[in-house]
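Let's take a walk through this structure together, one stop at a time. Have the 3D view ready so you can follow along.

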Amino acid sequence: MSDPGFTLVQLRYFAAAAELGSMTSAARELMVSQSAVSTAVAQLERELGVQLLLRHHARGLSLTAAGAEFLRELRGYLAHTEELAETARSAGQVLIGRLTIGCFATLGPFELPRLLSACERDHPEIQVSVIEAEHATLKQALRAGRCELALMYGYDLDDDIESVRMGTAPAYVLVAKDHPLARRKKVRLDDLAGEPMVLLDLPHSRDYFEHLVESAGFTPDVRHRTTGFETVRALVANGLGWSVLNQKPASPTTYDGKEVVELEILDPLEPLDVVLASMRGVRLTRRAQAFIRSARHARAR
């Protein structure tokens, strides 16, 4: 096998310069001289025979197309070199190190506490940090290597993303405590036809909820839109409309002291899968694999 000709140090210096957009910032981060970073990056480019960075006078650095693709691959490689070193240091001991996961914003309050607690209990030396965002941003974070796993709903996942199913989140109708249908346990969506709707207005989520209603044969009269899960519940509790949601809080009481009622939907709807997503074809670190195992055990309890 031929020697690739570049070093791990050169790869790390390039990654720092690319991420920070500056040789000076990379040098400060790595605690080395600027010339050391500049020389390492130049040697790496020379060895690869391709320009990775564009140098802009007084405006820092930007990636070439080749550099952007190389950086995407490099992030995973560097993560595994760090894991390899940790494996050697902790042979026969517990897993240690950092793990960044993404989480769909509305799933956070319901899922994160038990999953993080389970991982901390099973692997106390793994330091988990969380990026909370909406669906499209989480997919971008996975592709950019900003997180290794993402807890999200299993819809609109592109071919380059694979997932492990954690469970399901069936949709339900939400009405105020004094709504005429509140005494029922189950309703059909068309029972709400003609009444104002409160929509959870997050990217992808709004399309999903509107599609559910339209599948029942009518177009929803969306009277209020909000990106806040608890705001949806509060508006419904105050009689300003009905809504459809997936996650169920433990209490029917809203922040302002009113109450809502959750009703099962009789229409034949497919429940949303809750998944841990990752990039297809990218070998997960042992920390990520351990997190998945802990998460699945926690959800099975």
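Let's begin with the lining of the largest pocket, whose residues divide into 16 nonpolar, nine polar and 15 charged. Keep in mind as you look around that this is a predicted model. How big is the volume of the largest pocket? About 1,400 Å³. Of the 40 residues that line the largest pocket, Arg75, Gly76, Leu78, Ala79 and Gly145 are the closest to its centre, so to speak a good place to zoom in on. Which element gives the largest share of that lining? Helix α4 does, with 12 residues. Several other elements join in: α1 (8–20), α2 (23–30), β3, β4, α6 (135–144) and β13 (272–279) each supply at least two residues of the lining. If you prefer to think in domains, domain 1 (8–71) and domain 2 (94–168 + 273–300) each contribute at least three residues to the lining of the largest pocket.

While you're at α4, which covers residues 65–89, pick out Glu73, found in this helix. Is Glu73 buried or exposed? With a relative accessible area of 61%, Glu73 is exposed, because the cut-off for that label is over 50%. Now find Gln34, which sits 39 residues from Glu73 along the chain; the C-alpha atoms of the two are separated by 25 Å.

Next, follow one of the pocket's contributors, strand β3. This strand takes in residues 97–104 and is mostly covered, with six of its eight residues buried. Strand β4 (residues 126–133) runs parallel to β3, and eight bridges join the two. For one of the bridge partners, look at Phe104, which is matched with Ala133 in β4. To get from β3 to β4, the chain passes through helix α5 (residues 108–122), and this β-α-β crossover is right-handed. Strand β3 also pairs with strand β5 (residues 149–153), again in the parallel sense, over three bridges. There, Ile101 has Leu149 in β5 as its bridge partner.

Phe104 turns up again at our next stop, as one of the residues that line the largest cavity. How many cavities of 30 Å³ or more does a search of the whole structure find? One. The volume of the largest cavity is about 80 Å³. Its lining also includes Tyr153, Tyr208 and Asn246. By class, this lining has eight nonpolar and four polar residues, and no charged ones. Helix α7 (residues 205–214) provides the largest share, three residues. As for domains, at least three of the lining residues come from domain 2 (94–168 + 273–300) and at least three from domain 3 (171–269).

Now move to strand β6 (residues 161–169), the place of Glu162. Glu162 counts as partly exposed because its relative accessibility is 31%, and that label covers values between 20% and 50%. Where does the chain bring Glu162 and Arg280? These two are 118 residues apart along the chain, yet their C-alpha atoms are separated by 5.2 Å.

One last stop: the second largest pocket, with a volume of about 170 Å³. It is lined by 13 residues, and those nearest its centre are Pro170, Ala171, Tyr172, Glu264 and Ile265. Strand β12 (residues 260–265) gives the most to this lining, with three residues. Sorted by class, the lining of the second largest pocket comes to eight nonpolar, one polar and four charged residues.

Conventions
Residues are numbered from 1 along each chain as its sequence is written. This is a predicted model: local features need pLDDT of at least 70, side-chain atom pairs count only at pLDDT 80 or more; totals for chains, interfaces and linings use all residues. Side-chain values use heavy atoms; hydrogens and water are left out. On a 1 Å grid over the protein atoms alone, a cavity is a set of points where a 1.4 Å probe fits but cannot get out, and a pocket is an open set with protein on both sides within 12 Å along at least five of seven lines; lining residues have an atom within 4 Å of a point. Grid points are joined across faces, edges and corners, and a volume is the space filled by probe spheres set on the points. Helices (H or I, at least four residues) and strands (E, at least two) are DSSP runs, numbered from the N terminus. Ala, Val, Leu, Ile, Met, Phe, Trp, Tyr, Cys and Pro count as nonpolar, Asp, Glu, Lys and Arg as charged, and the others, Gly among them, as polar. Domain bounds come from an automatic or database domain assignment. Buried means under 20% relative accessible area, exposed over 50%, partly exposed in between (1.4 Å probe, protein chains only). Two strands pair if DSSP finds at least two bridges between them. A crossover is right-handed if, with the strands pointing away from the viewer, the path from the first strand over the helix to the second runs clockwise.
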